[in-house]
Amino acid sequence: MSEKTLTEEYVSKFSEKTPKSREIWLKLRKLTPYGVHSNWRVFEPHPLMLQKAKGSRVWDVDGNEYIDYTMAFGALVVGHANPVLLEKVKQKMDEGTIYGYETELSCKLSEVVTRRYGFDMVRFSNTGSEGTLLAIRLARVATGRSKILKFEGHYHGSHELLMVGVKPDLKHAGHPKKPRSVPTGFPYHVVPKELAENVVVAPWNDAEAIEEIMKVHGNDIAAIIMEPVAMNMGVVPAKKDFMVFLRKIANEYNSLLIFDEVKTSGMWYRGAQEYFGVKPDIMVAAKAIGGGFPFAAVLASKELLELVGPRKVPHGGTFNANPLSVYAAYVTLTELLTESNLAYTHKLSEELAKGYRDIIEDKGFEAHVVQVANKGTIYFSREEINTWRDFVLKVKWGPWYVWTLGMVIRGIIPQAMAYDEQWTISIMHTRDDIQKTLEVANIVAAEMKGRATEAIAIEESI
Ligand SMILES: NCC(=O)CCC(=O)O
């Protein structure tokens with residue numbers, strides 16, 4: 001009888017520990033595709049079904065406790081069931097959940113948000129997808145141009161306008177310096193050809209390539225949109241001089257610069273502009289700023305945002321600025337995601353990264369850690385990852401999968417359970433959590449050392 005591989009061993013242990021998750025998932029799979037309500041939750045052999053959460057911890061339906069670094073894909077920098085927030089929101093709920101009217105608090109929150117991020121005006125909605133949709137619409141109307149430049153591998157939500165070059169299959173993606181506008185879902189054309197043609201795709205962190213692309217398309221580009229730290233190929237920050245270059249070239253061609261800060265707005269007090277020293281024309285903030293409630297904000301100058309209005313640029317949404325999300329965001333931004341609390345998350349994140357680096361060095365793994373503010377990931381590759389192509393071609397997925405399972409079966413969810421995601425550290429994580437995580441990481445690494453891991457192919461997760 002052949003011996004089990006470590007992958008097989010961990011998959012068996014995972015299944016043994018989570019039978020109820022599996023049972024529910026098998027039922028759910030008959031009712032919703034892949035048994036998940038967001039494609040990002042697909043996980044082999046089955047996703048976890050959670051029961052409850054508190055602080056840095058989550059519990060699954062089998063009663064297993066985990067230290068969680070998914071933090072709802074970064075939406076929970078305040079931590080699970082933050083007591084300060086919940087106490088207030090529970091009381092607020094007695095006053096009703098949604099009105100379809102503005103409130104005094106939506107006015108106060110607009111003041112807080114515009115002051116914090118340094119813009120004249122703001123429009124609220126619920127999700128990052130809605131936010132990037134409005135940002136693109138505004139840019140097109142403001143410039144009278146149709147084309148958008150985005151970066152290969154960057155994800156801006158699940159709408160057709162930007163589901164191009166998101167996780168392109170390299171067989172179809174063309175030259176690395178001049179990527180093709182591959183629609184997501186290829187070859188099924190989820191995104192109509194006419195829409196994909198209006199999206200010009202460029203390589204991340206490659207100023208030379210962008211200069212050439214802008215020479216061809218620059219006068220038709222309404223906006224350059226980016227995640228300032230690319231979050232769907234692990235964690236790939238813009239190089240600082242690249243960011244300065246993007247601001248400059250956008251100005252040169254009269255294109256707008258849009259920061260999709262769905263994830264980065266929860267990293268620094270003033271968002272990515274604080275870290276990069278570059279200010280966008282339009283900022284889309286979401287996830288963490290709502291404290292775990294659906295909330296997004298599109299920020300821009302008065303000149304740009306005043307294009308929105310009846311018989312002008314359409315923008316609506318029944319749930320926009322609903323009193324619960326608004327109150328949650330207000331408490332989150334004024335009491336919880338303070339400068340000192342965010343600095344605390346950065347410190348823990350640095351400690352985690354250092355601990356992981358020590359383990360990698362000690363075990364001689366072909367891997368490295370990237371950490372920025374309260375986010376980070378381990379790449380099973382020694383080489384630096386700067387672009388989507390690097391990510392696909394240089395990172396090994398077998399060790400990543402084994403590592404993730406090895407941690408999960410010992411009570412640590414090291415990052416969102418998708419290969420392209422990262423860890424998020426909340427203000428409710430503790431030094432003790434980091435310590436425990438590193439102890440487990442040491443055990444998993446010791447088991448992995450010297451054991452081969454099966455090569456696995458990466459799959460589109462959207
Ligand atoms: N980085 C991608 C996400 O955060 C998406 C989560 C989801 O839509 O479920």
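These are my notebook entries on the ligand site and the two domains of this structure.

**Entry 1, the model.** I am working with a predicted model. I began with the domain assignment of the protein chain, which gives domain 1 as 6-77 + 338-455 and domain 2 as 83-336. Taken over C-alpha atoms, the centres of domain 1 and domain 2 are 26 Å apart. I then looked up the contacts between them: 35 residues of domain 1 touch 37 residues of domain 2.

**Entry 2, where the ligand sits.** Which pocket does the ligand take up? I found that the ligand occupies the largest pocket. Both domain 1 (6-77 + 338-455) and domain 2 (83-336) contribute residues to the shell around the ligand, so the ligand lies between them.

**Entry 3, the shell.** I listed the residues around the ligand as S38, W40, F73, Y155, N232, K263, K287 and E421. Sorted by class, this shell holds 3 nonpolar, 2 polar and 3 charged residues.

**Entry 4, polar contacts.** I went through the side chains that face N or O atoms of the ligand. S38 places a polar side-chain atom 2.6 Å from an oxygen atom of the ligand. For N232, a polar side-chain atom is 2.7 Å from a ligand nitrogen atom. E421 has a side-chain N or O atom 2.6 Å from a nitrogen atom of the ligand. How much of the ligand's accessible area does the protein cover? On its own the ligand has 280 Å² of accessible area, and the protein covers 83% of that.

Methods
Residues are numbered from 1 along each chain as its sequence is written. This is a predicted model: local features need pLDDT of at least 70, side-chain atom pairs count only at pLDDT 80 or more; totals for chains, interfaces and linings use all residues. Side-chain values use heavy atoms; hydrogens and water are left out. A residue is near a molecule or strand if one of its heavy atoms lies within 4 Å of it. A polar contact is a pair of N or O atoms within 3.5 Å; within protein, one must be able to donate a hydrogen and the other to accept it, and residues adjacent in sequence count only if both atoms are side-chain atoms. Accessible areas come from the Shrake-Rupley method with a 1.4 Å probe; for residues, only the protein chains shown count as cover. On a 1 Å grid over the protein atoms alone, a cavity is a set of points where a 1.4 Å probe fits but cannot get out, and a pocket is an open set with protein on both sides within 12 Å along at least five of seven lines; lining residues have an atom within 4 Å of a point. A molecule sits in a cavity or pocket if more than half of its atoms lie within 2 Å of its grid points. Ala, Val, Leu, Ile, Met, Phe, Trp, Tyr, Cys and Pro count as nonpolar, Asp, Glu, Lys and Arg as charged, and the others, Gly among them, as polar. Domain bounds come from an automatic or database domain assignment. Contact means heavy atoms within 4.5 Å.
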